[in-house]
Amino acid sequence: MAKYESLNYIDIESEYTAEQKGIRDSVRQFVDTDVLPTLQQAFRDEKFPDHLIPKIGSLGLLGANLKGYGCAGIDTVSYGLVMQEIERADSGLRSFVSVQGALCMWPIYTYGSEAQKEKYLPKMATGEMIGCFGLTEPDYGSNPGGMITTAKKTDKGYVLNGNKMWITNGLIADLAVVWAKLDGKVRGFIVDKGTPGFTVSEMKGKFSLRVSPTAELHFENCEIPAENILPDIEGLKGPLSCLNQARFGIAWGVVGAANACYDAALNYSLERQIFSKPLAGYQLAQAKLAKMVQGISMAQALLLHLSKLKEQGKLGHHMVSLAKMNNCRMALDCARDARDMLGANGIIDEYPVIRHMLNLETVNTYEGTEDIHRLVIGRQVTGLAAFE
Ligand code: TGC
Ligand code: FAD
């Protein structure tokens with residue numbers, strides 16, 4: 001099979017530096033050699049390929065854009081290209097990397113005490129310690145501000161009570177960054193695995209993101225020490241600012257999934273003879289391929305621009321909402337069209353397309369549904385919040 005190249009229709013490659021391309025290519029090689037061969041079975045078995053964690057850690061892909069504490073400290077575009085390559089393999093694996101880096105390491109790095117940073121970050125960078133992020137509750141998904149999980153101050157620390165649902169990495173995590181209301185204000189807490197009163201139960205039966213381990217977290221009079229509160233953040237902007245980091249990585253990542261689907265559809269349609277000629281020679285097929293080229297190219301250009309703004313500290317969270325919404329929808333549409341173009345072969349896991357398509361249903365929902373991001377944009381341009 002021909003070596004994989006990502007779509008370069010608008011010569012986006014000329015915008016990346018040699019160093020950025022070098023980082024991307026090393027992840028591409030890891031994906032081709034170590035990751036892709038494991039995915040068909042892992043997805044069938046609903047099993048996270050945890051044997052990959054040490055290599056992911058040693059390649060510096062966990063918290064890769066953070067500086068110090070054993071993190072790689074790569075620039076924004078390199079970080080995005082890493083996400084893109086990983087999600088070319090599987091959105092569930094990119095979720096593992098996003099949750100670890102953007103949703104657990106980033107808040108400890110940004111809002112944690114020096115002792116918390118030193119205790120957790122170096123081991124999280126190597127993958128010796130895995131984190132999960134508990135925000136969503138059974139009755140509060142799109143509206144996390146309504147959460148009912150509470151923290152109460154005691155002589156020794158805090159007591160947590162409540163339940164979190166749909167928590168990525170929950171089953172394999174050594175620590176959870178948990179958001180709860182203390183005196184009515186949202187605060188972040190680090191809860192170590194094995195803390196009495198903290199239990200985890202597996203969520204089985206997903207038809208999407210099957211290689212990602214998803215769990216419910218239960219806190220029943222769970223006592224944690226005083227030093228486990230994140231000291232430097234209070235209010236809903238704490239968890240939302242973490243989401244901002246993760247959404248940015250998702251906006252990059254899904255371009256990888258879209259690329260994988262486009263690549264499969266292009267190659268298949270060039271080979272597949274239908275009536276008198278290859279499928280790719282028909283106008284209706286070319287219209288689908290052109291739509292994929294259009295969507296991926298526009299997304300690439302948007303990401304490059306937003307990455308420059310991020311490096312300059314000028315990236316607004318309403319812009320991240322636009323990118324998350326646009327790129328997830330674009331990737332899902334690519335996957336659905338690619339699935340169609342493969343005919344019956346589009347529904348079998350010998351090809352990656354159906355797996356990406358199913359995964360992207362989740363990616364379009366988590367980290368803010370498509371409609372929530374639409375409402376964020378609506379509020380930004382009108383000044384009127386339409387959430388309620
Ligand atoms: P709102 O009044 O808008 O905001 C409260 C405070 O937060 C600030 N803020 C943000 N800060 C940083 N980044 C953002 N994206 C922010 N959005 C808002 C805001 O400025 C304000 O600050 P301040 O200083 O005035 O207090 O809050 P709201 O209650 O009206 O909510 C707005 C809404 C609906 C947009 C928000 O609740 C939302 O984004 N809902 C979606 C929930 C969501 O995305 N959940 C994701 C859970 S984690 C997950 O899915 C992980 S998946 C695994 C993986 O990533 O792989
Ligand atoms: P709801 O909020 O109930 O939304 C249902 C529907 O209502 C959606 O179509 C939505 O767009 C629509 N809707 C919501 N509000 C409005 C409105 N104001 N106006 C019009 N329509 C509206 N969460 C975590 O905290 N940590 C994780 O690690 C994590 N991982 C996840 C992994 C997977 C596989 C999945 C599927 C989810 C994960 N989540 C996680 C949860 C995810 O963030 C939520 O599912 C998501 O935010 C949506 O919440 P909900 O499922 O409760 O849907």
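Phe-387 has a backbone N or O atom 2.8 Å from a nitrogen atom of ligand 2. Bear in mind that this is a predicted model. Two other backbone contacts go with it. A polar backbone atom of Phe-133 is 2.9 Å from a nitrogen atom of ligand 2, and at Leu-135 a backbone N or O atom lies 3.0 Å from an oxygen atom of this ligand. On its own, ligand 2 has 980 Å² of accessible area, of which the protein covers 67%.

Now the shell. Ligand 2 is surrounded by 18 residues, and Phe-387 is among the closest, along with Thr-136, Ser-142, Trp-166 and Thr-369. Sorted by class, that shell has 9 nonpolar residues, 7 polar ones and 2 charged ones. Strand E5, residues 157-168, supplies at least two residues of it, and so does helix H10, residues 370-382.

Where does ligand 2 lie with respect to domain 2 and domain 3? It lies between them, because domain 2 (131-228) and domain 3 (237-382) both give residues to its shell. In terms of pockets, ligand 2 sits in the largest one.

Next slide, ligand 1. The largest pocket is also where ligand 1 sits.

Its polar contacts include two from side chains. An N or O atom in the side chain of Glu-367 is 2.5 Å from an oxygen atom of ligand 1. In the side chain of Tyr-366, an N or O atom is 3.2 Å from an oxygen atom of ligand 1. Gly-368 takes part through its backbone, with an N or O atom 2.8 Å from an oxygen atom of the ligand. Of the 1,100 Å² of accessible area that ligand 1 has on its own, the protein covers 74%.

There are 25 residues around ligand 1. Glu-367 and Gly-368 are among those that come nearest, together with Ser-95, Ser-142 and Arg-247. You will have noticed Ser-142 before: it is also listed among the closest residues to ligand 2.

By class, the shell of ligand 1 has 11 nonpolar, 9 polar and 5 charged residues.

Which helix gives the most to this shell? That is H6, with 6 residues. H6 spans 237-271; helix H4 (91-111) and H10 each supply at least two residues as well. H10 therefore comes up twice in this talk, since at least two residues of the shell around ligand 2 are also from H10.

To close on the contacts: for ligand 2, the ones I showed involve backbone atoms of Phe-133, Leu-135 and Phe-387. For ligand 1, I showed side-chain atoms of Tyr-366 and Glu-367, and a backbone atom of Gly-368.

Notes:
Residues numbered from 1 in each chain as written. Chains lettered and ligands numbered in written order. Predicted model: local features only at pLDDT ≥ 70, side-chain atom pairs only at ≥ 80, totals over all residues. Heavy atoms only, no water. Near = heavy atom within 4 Å. Polar contact = N/O pair within 3.5 Å; in protein donor to acceptor, adjacent residues only side chain to side chain. Areas by Shrake-Rupley, 256 points an atom, 1.4 Å probe, with all protein chains shown as cover. 1 Å grid on protein atoms, 1.4 Å probe; cavity = no way out; pocket = protein on both sides within 12 Å on 5 of 7 lines; lining within 4 Å. Sits in = over half its atoms within 2 Å of the grid points. Helix = DSSP H or I, 4+ residues; strand = E, 2+ residues; numbered from the N terminus. Nonpolar A, V, L, I, M, F, W, Y, C, P; charged D, E, K, R; others polar. Domains from an automatic or database assignment.
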